[in-house]
Amino acid sequence: AVVRDGRPVAAVLAEPEADRIFVAALGHGATVRGRRAVASARDSFDGARLAGPRPMIEPAGRQGAILLPKVHSLALRLAKVAIGEVDAAFASANSSDWDLAAADLLVHEAGAILTSLDGAQVLYNQAQPVHGALIAAAQPLHSLLRDLGRGPRLRPSSKP
């Protein structure tokens, strides 16, 4: 990713195993294999596909969400939100700029958002390149997950 003023402005992410290249430029959308990336517009837990650390996604599973196996590449997990393969993805605390910035722009340009659990925008190239727990999803699923997360069960430890 290329970051300016704390936010990514250009991004490329490769998924060699699936022969996919994700590309995004601020204000110009995101693509994968040259096709426009569009995040899911799901607006309920029922049938929503969630990926991330189990302690973070289990509360939504009890509300009807489908809990997917963890995608161990954090950047790819978030990029799957950008193309609608995953409705929402979580990152546990202690993720680094280099794991997040490219995927953040892909998610944003595909119509979803990546924020902290309290809804704050993620800033990069700061003195400390490590972040707290994060949620990526399109609205209103993002809001539903944040509301669910206000309880203690979604708040993860620093373990993935």
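**Salt bridges, sheet and cores in a predicted model**

Setting aside neighbours within four places in sequence, Arg-20 is in contact with Leu-13, Ala-14, Glu-15, Val-32, Arg-33, Lys-80, Ile-83 and Glu-85. The model is predicted. Arg-20 belongs to strand β3. Its relative accessible area is 10%. Arg-20 is therefore buried, since the cut-off for burial is under 20%. Among its contacts, Glu-85 is a salt-bridge partner, with the closest N and O atoms 2.4 Å apart. This salt bridge ties together distant parts of the chain. Arg-20 lies in β3 (residues 20-25), whereas Glu-85 sits in the loop between α2 (74-82) and β8 (88-91). The two residues are 65 residues apart. The side chains of Arg-20 and Glu-85 are also joined by a polar contact of 2.4 Å.

Glu-85 has a relative accessibility of 31% and counts as partly exposed. The side chain of Glu-85 also meets that of Lys-80 in a salt bridge, at 3.2 Å from N to O. Lys-80 is buried, with a relative accessible area of 15%. A network of salt bridges links Glu-15, Arg-20, Lys-80 and Glu-85. Side chains of opposite charge can pair when their charged atoms come close.

In total, the structure holds 6 salt bridges. One of them joins the side chains of Asp-104 and Arg-7, with an N to O distance of 2.8 Å. This pair, too, links distant parts of the chain. Asp-104 is in helix α3 (residues 97-109) and Arg-7 is in strand β2 (residues 7-15), 97 residues apart. Both Asp-104 and Arg-7 are buried.

An open sheet of 5 strands follows the order β7-β6-β8-β12-β10. Its pairing is mixed. The edges are formed by β7 (66-67) and β10 (113-116). Each edge strand has a single partner, so one side of each lacks a neighbour in the sheet. Strands of a sheet pair through backbone hydrogen bonds, either parallel or antiparallel.

Strand β12 (residues 134-137) pairs with β10 in the antiparallel sense, over 4 bridges. Within this pairing, Leu-114 has Ala-136 as its bridge partner in β12. Ser-116 stands opposite Leu-134 in β12. Strand β12 is also joined to β8, again by 4 bridges and in antiparallel fashion. Here Ala-89 stands opposite Ala-136. Ala-136 thus has a partner in Leu-114 and another in Ala-89.

Both faces of β12 are covered. Leu-134 and Ala-136 lie on one side, Ile-135 and Ala-137 on the other, and all four are buried. In a regular strand the side chains alternate between the two faces of the sheet. Helix α2 lies across β6 (49-51), β8, β10 and β12. The helix runs at about 155° to β8.

Thr-115 is placed in strand β10. With a relative accessibility of 6%, Thr-115 counts as buried. Its side chain is joined to that of His-142 by a polar contact of 2.9 Å. Beyond neighbours within four places in sequence, Thr-115 is in contact with Ala-120, Val-122, Ala-133, Leu-134, Ile-135, His-142 and Arg-146. Leu-134 and Ile-135 in this list lie on opposite sides of β12.

The largest nonpolar core has 36 residues. Phe-22, Leu-78, Val-81, Leu-106, Val-107 and Leu-114 touch the most other members. At least two residues of this core come from each of β2, β3, β4 (30-32), α2, β8, α3 and β12. Leu-114 touches Leu-78, Asp-104, Val-107, Val-122, Tyr-124, Leu-134, Ile-135 and Ala-136, with residues up to four places away in sequence not counted. The list includes Asp-104, the salt-bridge partner of Arg-7. It also includes Ala-136, the bridge partner of Leu-114 in β12. Another core, of 16 residues, lies apart from the largest one. Leu-117, Ala-133, Leu-141 and Leu-145 are among its members. Ala-133 is also one of the contacts of Thr-115.

Methods:
Residues are numbered from 1 along each chain as its sequence is written. This is a predicted model: local features need pLDDT of at least 70, side-chain atom pairs count only at pLDDT 80 or more; totals for chains, interfaces and linings use all residues. Side-chain values use heavy atoms; hydrogens and water are left out. A salt bridge is a side-chain nitrogen of Lys or Arg within 4 Å of a carboxyl oxygen of Asp or Glu. Buried means under 20% relative accessible area, exposed over 50%, partly exposed in between (1.4 Å probe, protein chains only). Two strands pair if DSSP finds at least two bridges between them. Contact means heavy atoms within 4.5 Å. Axes are lines fitted to C-alpha atoms, for helices over the stretch in contact, and angles run from 0 to 180 degrees between N-to-C directions. A polar contact is a pair of N or O atoms within 3.5 Å; within protein, one must be able to donate a hydrogen and the other to accept it, and residues adjacent in sequence count only if both atoms are side-chain atoms. A nonpolar core is a set of buried Ala, Val, Leu, Ile, Met, Phe, Trp, Tyr and Cys residues joined through side-chain atoms within 4.5 Å.
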